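Dear colleague,

I am passing on the structure that follows, together with some notes to read beside it. Please keep it open while you go through them.

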Amino acid sequence: MERKISDFANLIIKSHNIVALTGAGMSTESGIPDFRSPGTGLWTKVDPSEFASINSYISNTSKNLNFMFELGITIFRAKPNKGHKALTKLQKLGKLKGVLTQNIDGLHQKARTKNVVELHGTVNEAICMNCKKIYPITTMINQFVKERTTPYCLECNGILKPNAIFFGEPLESKVLDAANKMLADCDLLIILGSSLLVYPVAFYPHKVLEIGAKICIINIQETDFDPYSEVVFHEKIGTILPQIVEIVEKEI
Ligand SMILES: NC(=O)c1ccc[n+]([C@@H]2O[C@H](COP(=O)([O-])OP(=O)(O)OC[C@H]3O[C@@H](n4cnc5c(N)ncnc54)[C@H](O)[C@@H]3O)[C@@H](O)[C@H]2O)c1
Ligand SMILES: [Zn+2]
């Protein structure tokens with residue numbers, strides 16, 4: 001184990017354009033459930049087609065909002081964990097260019113990591129499904145909780161939704177462009193808590209391997225990319241990443 005930790009740290013020390021790719025497993029140690037962990041993942045409790053799909057949101061907005069509201073409270077109360085903080089420290093050491101995240105919880109920003117691309121949007125904002133105007137999420141929460149109405153746009157009366165990508169919605173092209181730009185000269189991709197089953201993220205390891213970059217993974221479960229990685233830990237991010245960053249700090 002110690003050998004693997006120092007191998008991982010050495011890779012970081014030798015690399016110059018390091019990008020972290022983070023999934024829902026990054027935030028489970030902050031108390032936010034992921035989708036696919038056995039026993040605790042959200043998919044063990046709800047049907048994905050019922051929740052977080054755009055068609056289901058349109059046809060049954062208040063049922064969806066009731067469920068999202070519960071998850072939203074967990075997200076809004078959550079604090080960055082040891083893993084988020086370790087990434088911020090790595091960036092301050094000049095060893096992390098940026099983060100591509102599938103997460104919608106804003107915890108990287110709360111931990112003060114810079115250059116974060118939120119591939120799936122954020123639940124800290126609401127968007128009008130008609131005119132695309134962006135509101136703080138509190139606008140939507142106030143309408144739903146205090147006024148007991150379906151959240152609506154103050155400009156055009158369209159329905160509001162959290163500004164996160166639902167199943168059945170395309171990702172924003174400007175976000176995809178920012179991710180591609182960040183990966184263009186990446187020489188080390190650190191993959192943290194992503195099952196790597198959802199596109200486009202599932203494609204990113206291929207993309208960087210093709211340009212000669214290395215990949216390292218920390219995930220409590222196996223992923224399809226374990227065989228292509230320089231170092232793999234099947235451990236919690238919060239247990240491993242701070243130890244790696246501590247070595248980097250001592251040795252650079
Ligand atoms: N926090 C959030 O913002 C949040 C929460 C749930 C779902 N989502 C959405 O879920 C989608 C699913 O993709 P995904 O790959 O991110 O999630 P996922 O649920 O498919 O995979 C999470 C992975 O993290 C691993 N994991 C869980 N806790 C861990 C820990 N402490 N340390 C290391 N590994 C850990 C699991 O083994 C799993 O492989 C994303 O698109 C995202 O938008 C986001
Ligand atoms: Zn509108």
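Domain 1 (1-31 + 80-120 + 167-252) and domain 2 (33-77 + 121-164) each contribute residues to the lining of the second largest pocket, and the pocket therefore lies between them. Please bear in mind throughout that this is a predicted model.

The pocket between the domains

The second largest pocket has a volume of about 360 Å³. Its lining is made up of 19 residues, of which Gly 121, Ile 127, Asn 163, Ile 165 and Glu 172 are the closest to its centre. The elements that supply two or more residues to this lining are β4 (121-128), β6 (160-164) and α7 (173-184), and the biggest share comes from β4, which gives five residues. Sorted by character, the lining residues of the second largest pocket comprise nine that are nonpolar, three that are polar and seven that are charged.

The zinc site

Which residues hold the zinc ion (ligand 2)? The zinc ion (ligand 2) is coordinated through the SG atoms of Cys 128, Cys 131, Cys 153 and Cys 156, at 2.2 to 2.4 Å, and in sequence these donor residues follow the spacing C-x2-C-x21-C-x2-C. The angles that the four donor atoms subtend around the zinc ion (ligand 2) run from 98 to 118 degrees, and because four donors count as tetrahedral if all angles lie between 85 and 135 degrees, the arrangement is tetrahedral. As for exposure, Cys 153 has a relative accessible area of 2% and is buried, whereas Cys 156, with a relative accessible area of 29%, is partly exposed.

Backbone details to look at

A cis peptide bond runs from Tyr 199 to Pro 200, with omega near 10 degrees, and Pro 200 is placed in the loop between β7 (188-192) and α8 (204-210). Leu 197 also has its place in the loop between β7 and α8, and with a relative accessible area of 51% Leu 197 counts as exposed, because the cut-off for exposed is over 50%. From Leu 197 to Ile 5 the separation is 192 residues in sequence and 26 Å in space, C-alpha to C-alpha.

Arg 112 has a positive phi of about 70 degrees although it is not a glycine. Arg 112 sits in the loop between α5 (107-110) and β3 (116-118), where Arg 112 is exposed, at a relative accessible area of 62%. A positive phi, near 70 degrees, is found for Lys 132 as well, a residue other than glycine. Lys 132 belongs to the loop between β4 and β5 (134-136), and its relative accessible area of 52% makes Lys 132 exposed.

Two glycines and a helix residue

Are Gly 106 and Gly 212 buried or exposed? Gly 106 is buried, with a relative accessible area of 9%, while Gly 212 counts as exposed at 56% relative accessibility. Gly 106 is located in the loop between β2 (98-101) and α5, and its C-alpha atom is separated by 7.8 Å from that of Val 123, the two residues being 17 residues apart along the chain. Gly 212, for its part, is located in the loop between α8 and β8 (214-218), and Gly 212 and Leu 188, which are 24 residues apart in sequence, are 9.1 Å apart in space, C-alpha to C-alpha.

Val 208 is part of helix α8, and Val 208 is buried, with a relative accessible area of 0%. Between the C-alpha atoms of Val 208 and Ile 54, which are 154 residues apart along the chain, the separation is 31 Å.

If you go back to the model with these notes, I would suggest two places to begin: the pocket that lies between domain 1 and domain 2, and the zinc ion (ligand 2) with its donors Cys 128, Cys 131, Cys 153 and Cys 156.

With best wishes

How values were computed
Residues are numbered from 1 along each chain as its sequence is written. Chains are lettered from A and ligands numbered from 1 in the order in which they are written. This is a predicted model: local features need pLDDT of at least 70, side-chain atom pairs count only at pLDDT 80 or more; totals for chains, interfaces and linings use all residues. Side-chain values use heavy atoms; hydrogens and water are left out. On a 1 Å grid over the protein atoms alone, a cavity is a set of points where a 1.4 Å probe fits but cannot get out, and a pocket is an open set with protein on both sides within 12 Å along at least five of seven lines; lining residues have an atom within 4 Å of a point. Grid points are joined across faces, edges and corners, and a volume is the space filled by probe spheres set on the points. Helices (H or I, at least four residues) and strands (E, at least two) are DSSP runs, numbered from the N terminus. Ala, Val, Leu, Ile, Met, Phe, Trp, Tyr, Cys and Pro count as nonpolar, Asp, Glu, Lys and Arg as charged, and the others, Gly among them, as polar. Domain bounds come from an automatic or database domain assignment. Donors are N, O and S atoms within 2.8 Å of the metal (3.2 Å for Na, K and Ca); water is not among the atoms, so sites may look incomplete. Four donors count as tetrahedral if all angles lie between 85 and 135 degrees; four count as square planar and six as octahedral if opposite donors are over 155 degrees apart and all others between 65 and 115; anything else is irregular. Buried means under 20% relative accessible area, exposed over 50%, partly exposed in between (1.4 Å probe, protein chains only).
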